[in-house]
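Thanks for sharing this one. Here are my notes, point by point, to read alongside the model.

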Amino acid sequence: MQKNITLLGPKEAGFLSLMSSKGRKEFTNEEAAKFWGSSALAKKKLYLLEKKGWVTRLERGKYIVVPLEAGPERQWSEDPEVIAAALVQPAAIAYWSALRHWNWTEQIPHIVYVQTTTRKKQTRSVVMGVQYEFVTVSKRKFYGNTKEWRNGKAVFVTDKEKTLVDCADDVERAGTIEELAKAIKSASTEISWRKLDECVRKFPNGAVKKRLGYLFETLVPSLSGEARSFLAGWQRELSAGVAPLQPSTQSKGRVVTRWHVRVNATLS
């Protein structure tokens, strides 16, 4: 049903203008209560503004202002990366979503993966028809993020090197091992090998070296001398134990002792 955008009082307009004047359009119940003078009145006003199509509820206690350009129908959708930053802080688009961001997969993930050090009560949320998954990691794993701009707003995405490391650490959130394999092929000439080496050494999971080393060596026959030098360094430092190429699947498959990897998945 069409919503009449003229149904907006002067104080409501002032509230929306104030919330939008901070360089962002997201706000909390507490911010609304300060403007309206009480939590009860703010709750009532937010209900009416949402009904009129001027604000959208992101999650409990968080809202976003719907811009004027949404038109009379109030049909509008914010960039998912901007929404992710509004739902949790710190936040970085990661895993399969980052693979898509760097054009290393043709697949469009049905979930926006958001890496954070904050623990949320609900690890999944649907906002404006988009599903988000919040992956809480330790501070030791939260690094290697690059700033991007969306509609004048700063958002963070794991950089190319950290994206590969994260996906090798959490293969399921990379989509599949096949998606990671496709990314490896594309990434080999786009990444900084020195930066990848630093990223791998900093990461607290030895399986990352094993999976990435095996995949690069197997899938990219034209590796540069620099790349092969770094891979040789990884080999000398492999931790004990055998890592499955594809976690959470059968433990059968040949073991490549060169990389301490069990090849339990077929790569195209």
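1. Contacts across the chain. Among contacts in the chain with a separation of 6 or more, 58% come from residues 24 or more positions apart. Please keep in mind that this is a predicted model. The secondary structure adds up to 10 helices and 12 strands.

2. Overall dimensions and surface. The C-alpha trace spans about 70 × 35 × 30 Å along its principal axes. Of the 268 residues, 48% count as buried. The chain exposes about 13,600 Å², and carbon and sulfur atoms supply 50% of that area.

3. Charges overall. The chain has 44 positive and 28 negative charges, and the mean positions of these two sets are 5 Å apart. As a reminder for the points that follow, side chains of opposite charge can pair when their charged atoms come close. A search of the whole structure finds 21 salt bridges, and a few of them deserve a visit.

4. Asp79 and Arg150. These two form a salt bridge whose closest N and O atoms are 3.6 Å apart. The pair links distant parts of the chain: Asp79 sits in the loop between β3 (62-65) and α4, while Arg150 belongs to strand β8 (residues 145-150), 71 residues apart. Asp79 is partly exposed at 22% relative accessibility. Why does Arg150 count as buried? Arg150 has a relative accessible area of 19%, and the cut-off for buried is under 20%, so Arg150 falls on the buried side. I would look at this pair together with Glu81 and Glu148, since Asp79, Glu81, Glu148 and Arg150 are linked in a network of salt bridges.

5. Asp197 and Arg201. Here the side chains meet in a salt bridge with an N to O distance of 3.0 Å. Both residues are in helix α8 (residues 193-202), and because they are four residues apart there, about one helical turn separates them. Their accessibility is worth noting too: Asp197 is buried at 9%, whereas Arg201 is partly exposed at 39%.

6. Lys62 and Glu59. This is another salt bridge, with the closest N and O atoms 3.6 Å apart. Lys62 is partly exposed, at 22% relative accessibility, and Glu59 is buried, with a relative accessible area of 17%.

7. Trp234. This residue is part of helix α10 (residues 225-236). Is Trp234 buried or exposed? With 0% relative accessibility, Trp234 counts as buried. Leaving aside residues up to four places away in sequence, Trp234 touches Trp193, Leu196, Asp197, Val200, Arg201, Lys209, Leu212, Gly213 and Trp259. Among them are Asp197 and Arg201, the two partners whose side chains meet in the salt bridge of point 5. Val200 is also on the contact list; Trp234 and Val200 are 34 residues apart in sequence, with their C-alpha atoms 8.9 Å apart in space.

8. A positive patch. Which residues form the positive surface patch? The patch is made up of Lys43, Arg57, Arg60 and Lys121. Lys121 lies in the loop between β5 (111-116) and β6 (124-127). Its relative accessible area is 89%, so Lys121 counts as exposed.

9. A cis peptide bond. Please take a look at the bond between Gln89 and Pro90: this peptide bond is cis, with omega at about -5°. Pro90 is placed in the loop between α4 (80-87) and β4 (92-93). Helix α4 also borders the loop that holds Asp79, from point 4.

10. Positive phi values. Two residues other than glycine come up here. Asn103 has a positive phi near 60° and is found in the loop between α5 (95-101) and β5. With a relative accessible area of 63%, Asn103 is exposed. His260 has a positive phi near 55°, and this residue is in the loop between β11 (254-256) and β12 (261-263). His260 counts as partly exposed, at 25% relative accessibility.

Technical notes: Residues are numbered from 1 along each chain as its sequence is written. This is a predicted model: local features need pLDDT of at least 70, side-chain atom pairs count only at pLDDT 80 or more; totals for chains, interfaces and linings use all residues. Side-chain values use heavy atoms; hydrogens and water are left out. Patches are made of residues with over 30% relative accessible area and no salt bridge: like charges are joined within 9 Å, nonpolar side chains (Val, Leu, Ile, Met, Phe, Trp, Tyr) within 5 Å. Accessible areas come from the Shrake-Rupley method with a 1.4 Å probe; for residues, only the protein chains shown count as cover. A salt bridge is a side-chain nitrogen of Lys or Arg within 4 Å of a carboxyl oxygen of Asp or Glu. Lys and Arg count as positive and Asp and Glu as negative; His and the chain ends are not counted. The place of a charge is taken as NZ of Lys, CZ of Arg, CG of Asp or CD of Glu. Buried means under 20% relative accessible area, exposed over 50%, partly exposed in between (1.4 Å probe, protein chains only). Contact means heavy atoms within 4.5 Å.
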